[in-house]
Amino acid sequence: MILITTANGATGRPMVDYLLKDGFSVRAMVRKDDARVQELREAGAEVVFGDLLNLRDVRAALEGVQRAYFNYPVADGLAVVC
């Protein structure tokens, strides 16, 4: 099982499709339920809901996962401080 974070985004969604096409099991992590989530399910992904800023959500999403493709969302209000 491979976890893809921000699976509804411009980077995450193509990766979900690519991995499913190649026969991998994919868990798609998204923040909210919308029409795009149903498309992920129909494509064959397992969908989990969570917030990357919430450690419990991330831990739950990683349960049973062997690999992860981590995408950090780029959105208003999110900043990376170095």
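The following questions and answers examine the strands and helices of a predicted model.

Q: In what order do the 4 strands of the open sheet stand?
A: Strands of a sheet pair through backbone hydrogen bonds, either parallel or antiparallel. In this open sheet the pairing is parallel. The 4 strands follow the order S3-S2-S1-S4.

Q: Which strands have one side left without a neighbour in the sheet?
A: A strand at the edge has a single partner strand, so one side of that strand lacks a neighbour in the sheet. The strands in this position are S3 (46–49) and S4 (67–69).

Q: By how many degrees are neighbouring strands of this sheet turned against each other on average?
A: The value is an average over neighbouring strands, with direction ignored. The turn amounts to 25 degrees.

Q: Which residue in S2 stands opposite Ile4?
A: Strand S1 (residues 2–4) pairs with strand S2 (residues 26–30) in the parallel sense, over 3 bridges. Opposite Ile4, S2 places Ala28.

Q: Which strands does H3 touch as it packs on the sheet?
A: Helix H3 packs on the sheet with a direction at about 165 degrees to that of S2. The strands that H3 touches are S1, S2, S3 and S4.

Q: Is H1 roughly parallel or roughly antiparallel to H2?
A: Two packed helices are described by the angle between their axes and the distance between the axes. The axes of helix H1 (residues 12–21) and H2 come within 11 Å and cross at roughly 15 degrees. Angles under 35 degrees count as roughly parallel. Therefore, H1 and H2 are roughly parallel.

Q: How many nonpolar and how many charged residues does the contact of H1 with H2 have?
A: From H1, the residues Arg13, Val16, Asp17 and Leu20 take part, and they meet Arg36, Glu39, Leu40 and Ala43 in H2. No polar residues are counted in this contact. By class, the contact has 4 nonpolar and 4 charged residues.

Q: At the start of H3, which backbone nitrogen does a side-chain oxygen of Asn54 reach?
A: Helix H3 covers residues 55–62. The side-chain oxygen of Asn54 comes to within 2.9 Å of the backbone nitrogen of Arg56.

Q: Which residue just after H3 takes a positive phi?
A: The phi in question is about 80 degrees. The residue that takes this positive phi, just after H3, is Gly64.

Methods: Residues numbered from 1 in each chain as written. Predicted model: local features only at pLDDT ≥ 70, side-chain atom pairs only at ≥ 80, totals over all residues. Heavy atoms only, no water. Polar contact = N/O pair within 3.5 Å; in protein donor to acceptor, adjacent residues only side chain to side chain. Helix = DSSP H or I, 4+ residues; strand = E, 2+ residues; numbered from the N terminus. Pairing = 2+ DSSP bridges. Axes fitted to C-alpha atoms, helices over the stretch in contact; angles between N-to-C directions. Contact = heavy atoms within 4.5 Å. Parallel < 35°, antiparallel > 145°, perpendicular 65-115°, else oblique. Nonpolar A, V, L, I, M, F, W, Y, C, P; charged D, E, K, R; others polar.
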